[in-house]
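Here are some short exercises to work through with the model open beside you. Try each one before reading its solution.

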Amino acid sequence: MINLKEECGVAGVIIHDPAPPTNIVAFKLYYALYALQHRGQDSTGIVVFDGSKPRSIKRMGLVSEAYSRDTLQDIVGYVGVGHVRNATYGTQTIENCQPFVLNFKGGTIAISHNGNLVNSTELRDELESEGRIFTTALDAEIIGLLLVKELLKQEPVDALKSVMKRIIGSYALTIMINGDLYAVRDPIGNKPICYGEIEGGYAAVSESVALDTIKGKLVRDLMPGEIIVFKKTGEVESIMTTDSSFAAHCVFEYIYLARPDSIIDGQLVYSARERIGNELAREHPAAADIISPVPDSGIAAAIGYSRESGTKYLEGLMKNRYIGRTFILPHQEMREMAVRLKMNTIGENLKDKSVVLVDDSVVRGTTSRRIIDMIKDAGAKEVHLRVASPPIVGPCYLGIDMPTRAELIATHKTIEGICAAVNADTIGYLSADGLVKAIGIDKSKLCLGCITESYPVPIPGEKCYCDKQCKMDDFVPEGEKKEE
Ligand code: SF4
């Protein structure tokens with residue numbers, strides 16, 4: 001079972017000309033963030049603007065704990081942005097809770113960011129040397145300060161284009177600038193973001209499930225490098241900042257991160273996971289009595305494996321639905337208890353059976369070992385581990401909380417060594433080609449950085465596969481381009 005954590009989920013809502021200003025925007029953001037809770041559980045925030053001043057709520061913890069009907073009731077306005085966050089960098093403090101809000105000479109902006117800037121250190125140094133004082137550890141603050149500088153010189157869309165030329169990495173943004181809503185996707189389209197129609201307006205969200213929740217109708221995903229402006233007058237405008245021919249969508253959205261009922265870049269995640277299971281069964285068949293998933297993220301792949309192999313699907317593990325998706329417990333022995341708290345075996349389904357266990361990935365191997373031990377303790381004869389992703393051999397620089405290379409089991413063990421370490425009888429990983437085929441998106445439009453150790457953006461000390469396909473030269477402002 002994977003222990004990767006998505007960093008954030010973003011949302012933005014605009015309602016046209018409500019009179020009087022309504023709290024419906026705050027409530028829609030609340031429900032959208034609730035649907036995106038799997039993308040971040042440490043903190044959450046909502047900022048709503050009524051045309052004169054922003055009103056915000058920011059809290060640590062889950063969406064269900066952070067907001068009450070009474071607090072949302074008073075947050076009136078016609079446009080707003082919201083955020084859920086996992087604290088993978090910076091401390092878990094309220095200061096680092098988004099949306100990031102800035103009042104400046106030209107008005108007010110509020111920013112929600114999902115992703116990670118790989119040139120944040122340089123940009124932070126540059127802004128600090130100009131006398132800016134940072135109040136958070138957030139990339140959203142860097143984006144906000146750069147944006148304010150540009151907004152003092154030019155119109156919002158041009159200001160955003162200028163900022164996009166400076167920031168490198170992954171970003172899906174919902175931004176409120178003086179009462180208009182902007183949705184922005186990075187030029188490699190690494191993080192998902194889509195928009196849809198809602199009653200009386202529009203919403204832009206990390207995943208389409210959030211639109212479903214607020215009774216919205218998905219219009220489409222943003223294209224890589226696209227800015228969409230939702231004006232308070234009701235007009236919607238799309239501006240492309242690249243030709244969008246190059247993309248690097250994160251494959252782990254399909255394997256594990258996104259909700260299975262989301263549609264991302266035209267693919268229903270559940271179907272992609274089923275196809276991954278089909279492919280896994282073709283690549284790594286096993287003679288077994290049952291196919292069983294590691295819940296929840298292994299379920300669709302296990303169903304796919306079962307259909308392809310013709311072997312019965314039967315659940316051998318049951319998840320406790322009343323605890324969070326990720327562990328917060330820091331110590332080894334407590335993690336062990338957390339596994340048992342999180343998951344229990346269904347002994348009758350496992351006893352004397354040969355089991356194909358389908359998991360989304362193996363990261364450190366420690367959780368896989370504990371789960372396989374539990375299944376064997378419950379009486380299973382054999383456990384054949386089938387992994388719905390290739391071995392993870394590199395870190396992620398684009399916003400997924402991934403262990404270091406030294407902690408990744410696949411960097412220091414052979415496949416046979418991993419099999420022994422997790423106490424499986426056999427092990428089979430899906431190949432990179434099989435994964436790409438199952439996702440159904442051309443390989444040239446996917447990020448496989450942590451699998452191939454070749455990344456879609458330049459990272460010091462790592463290989464960059466794009467060979468300037470992502471047009472990194474374009475990110476250097478004209479005045480700063482060096483002569484060859
Ligand atoms: S490196 Fe891996 S986890 Fe990070 S964006 Fe690329 S595919 Fe996703």
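**Exercise 1.** In this predicted model, classify the packing of helix α5 against helix α6 and give the handedness of their crossing.

*Solution.* Begin with the geometry: α5 (residues 139-151) packs on α6 (residues 156-166) at about 135 degrees, and their axes are 9 Å apart. Next, apply the cut-offs: angles over 145 degrees count as roughly antiparallel, 65 to 115 as roughly perpendicular, and this angle fits neither, so α5 is oblique to α6. Finally, look at the handedness: α5 and α6 make a right-handed crossing.

**Exercise 2.** Do the same for helices α9 and α10.

*Solution.* Locate the pair: α9 covers residues 269-283 and α10 covers residues 299-309. Their axes come within 6 Å and cross at roughly 45 degrees. That angle makes α9 oblique to α10. To finish, α9 passes α10 in a right-handed crossing.

**Exercise 3.** Find where the ligand sits, then describe the residues around the ligand.

*Solution.* First, the site: the ligand occupies the largest cavity. Which elements give two or more residues to the shell around the ligand? They are α8 (251-257) and α17 (449-452). Now list the neighbours: Asn 190, Cys 250, Val 251, Phe 252, Cys 396, Leu 398, Ile 400, Met 402, Cys 447, Gly 449 and Cys 450 surround the ligand. Last, sort this shell by character: nine residues are nonpolar, two are polar and none is charged. Among the nonpolar ones are Val 251 and Phe 252, while Asn 190 and Gly 449 count as polar.

Notes:
Residues are numbered from 1 along each chain as its sequence is written. This is a predicted model: local features need pLDDT of at least 70, side-chain atom pairs count only at pLDDT 80 or more; totals for chains, interfaces and linings use all residues. Side-chain values use heavy atoms; hydrogens and water are left out. A residue is near a molecule or strand if one of its heavy atoms lies within 4 Å of it. On a 1 Å grid over the protein atoms alone, a cavity is a set of points where a 1.4 Å probe fits but cannot get out, and a pocket is an open set with protein on both sides within 12 Å along at least five of seven lines; lining residues have an atom within 4 Å of a point. A molecule sits in a cavity or pocket if more than half of its atoms lie within 2 Å of its grid points. Helices (H or I, at least four residues) and strands (E, at least two) are DSSP runs, numbered from the N terminus. Axes are lines fitted to C-alpha atoms, for helices over the stretch in contact, and angles run from 0 to 180 degrees between N-to-C directions. Angles under 35 degrees count as roughly parallel, over 145 as roughly antiparallel, 65 to 115 as roughly perpendicular and the rest as oblique. A crossing is left-handed if the near helix is turned anticlockwise from the far one by less than a right angle, and right-handed if clockwise.
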